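Welcome! Have a look at the sequence and the model below, and then we can walk through them together.

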Amino acid sequence: MDSYYEGMVVRLKSRLSWVFCILGIIAMGIVSRVVHTGFALFDKYLGDALYAAMVYGVLRLLSRAAASAVCAMVVMTAIELFQLTMIPARMLSSKYLMTRICARLIGVKFSFLDLLAYGLGIGCIYLVDCSQRKGNEEAR
């Protein structure tokens, strides 16, 4: 990589850089849920992909890239399958605000498209993570 671009690329080498990455993902996820464009890929599925990327980032603080990717997909699939129990849907009608917020965070309706969005989000952040490590090894 030439020296002009080296200063512009953020490397996810340290835990602190992963924390900032996670915070950035959260901010983008909130924006994707608040700003409505009428375009379903942005309004719905970008937030899902970012949610999954955030889970990958949190797990990446604890383990290696491949293990984080697999565990993140397992967690996201488990959450999506949990929606089939209808428990989150019943939580949504609770009189308690925190229970309703948790139901919204979990999601209340199972969708294969959500699983696809999760996979794409995890896949994208995994590829960025791996390409940065490969670039670091080539620079040495």
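## A serine in a loop

Let us start with one residue. If neighbours within four places in sequence are set aside, Ser94 is in contact with Thr99 and Arg100. Keep in mind as you explore that this is a predicted model. Ser94 sits in the loop between helix 5 and helix 6, the latter running over residues 97-106.

Is Ser94 buried or exposed? Its relative accessible area is 18%, and because buried means under 20%, Ser94 counts as buried. The side chain of Ser94 also has a polar atom 3.0 Å from the backbone nitrogen of Tyr96.

## The overall plan

Stepping back, what is the secondary structure made of? The protein has seven helices and zero strands. Followed along the sequence, the pattern reads α-α-α-α-α-α-α.

The protein has 140 residues, and 31% of them are buried. Now consider contacts between residues at least 6 apart in sequence: 62% of these join residues at least 24 apart.

## Helix 2 meets helix 3

Two pairs of helices are worth a visit. In one pair, helix 2 covers residues 15-34, and its axis comes within 9 Å of the axis of helix 3. The two axes cross at roughly 165°. Angles over 145 degrees count as roughly antiparallel, and helix 2 and helix 3 are therefore described as roughly antiparallel to each other.

The crossing of helix 2 and helix 3 is left-handed. What kinds of residues form the contact of helix 2 with helix 3? Twelve are nonpolar, four are polar and five are charged.

## Helix 3 meets helix 4

The other pair joins helix 3, residues 40-60, with helix 4, residues 65-82. Their axes come within 8 Å and cross at roughly 135°. That angle makes helix 3 and helix 4 oblique to each other, and their crossing is right-handed.

Which residues make this contact? Helix 3 contributes Tyr51, Ala52, Val55, Tyr56, Leu59 and Arg60. From helix 4 come Ala65, Ser68, Ala69, Cys71, Ala72, Val75, Met76 and Ile79. Sorted by character, the residues of the contact of helix 3 with helix 4 comprise twelve nonpolar, one polar and one charged.

## An aspartate in helix 7

Next, turn to helix 7, which spans residues 112-139 and contains Asp114. How accessible is Asp114? Its relative accessibility is 5%, so Asp114 counts as buried.

What does the side chain of Asp114 make a polar contact with? Its partner is the side chain of Lys44, at 2.8 Å. Apart from neighbours within four places in sequence, Asp114 is in contact with Lys44, Tyr45, Asp48, Glu80 and Lys109.

## Further along helix 7

Ile122 also has its place in helix 7. With 5% relative accessibility, Ile122 counts as buried. The chain brings Ile122 and Ala52 together in space: they are 70 residues apart along the chain, while their C-alpha atoms are separated by 5.9 Å. Beyond neighbours within four places in sequence, Ile122 is in contact with Ala52, Tyr56, Ala69, Ala72, Met73 and Met76. Among these, Ala52 and Tyr56 belong to the helix 3 side of the contact with helix 4, while Ala69, Ala72 and Met76 belong to the helix 4 side.

Gly119 and Leu120 are two other residues to find in this helix. Gly119 is partly exposed, with a relative accessible area of 30%. From Gly119 to Met76 the C-alpha distance is 8.8 Å, and the two are 43 residues apart in sequence. Leu120, at 52% relative accessibility, counts as exposed. Leu120 and Leu46 are 74 residues apart in sequence, with 9.6 Å between their C-alpha atoms.

## A methionine with a positive phi

One last stop is Met86, found in the loop between helix 4 and helix 5, where helix 5 covers residues 87-91. What is the sign of phi at Met86? Phi is positive there, about 70°, although Met86 is not a glycine. With a relative accessible area of 42%, Met86 is partly exposed.

Methods. Residues are numbered from 1 along each chain as its sequence is written. This is a predicted model: local features need pLDDT of at least 70, side-chain atom pairs count only at pLDDT 80 or more; totals for chains, interfaces and linings use all residues. Side-chain values use heavy atoms; hydrogens and water are left out. Axes are lines fitted to C-alpha atoms, for helices over the stretch in contact, and angles run from 0 to 180 degrees between N-to-C directions. Helices (H or I, at least four residues) and strands (E, at least two) are DSSP runs, numbered from the N terminus. Angles under 35 degrees count as roughly parallel, over 145 as roughly antiparallel, 65 to 115 as roughly perpendicular and the rest as oblique. A crossing is left-handed if the near helix is turned anticlockwise from the far one by less than a right angle, and right-handed if clockwise. Contact means heavy atoms within 4.5 Å. Ala, Val, Leu, Ile, Met, Phe, Trp, Tyr, Cys and Pro count as nonpolar, Asp, Glu, Lys and Arg as charged, and the others, Gly among them, as polar. Buried means under 20% relative accessible area, exposed over 50%, partly exposed in between (1.4 Å probe, protein chains only). A polar contact is a pair of N or O atoms within 3.5 Å; within protein, one must be able to donate a hydrogen and the other to accept it, and residues adjacent in sequence count only if both atoms are side-chain atoms.
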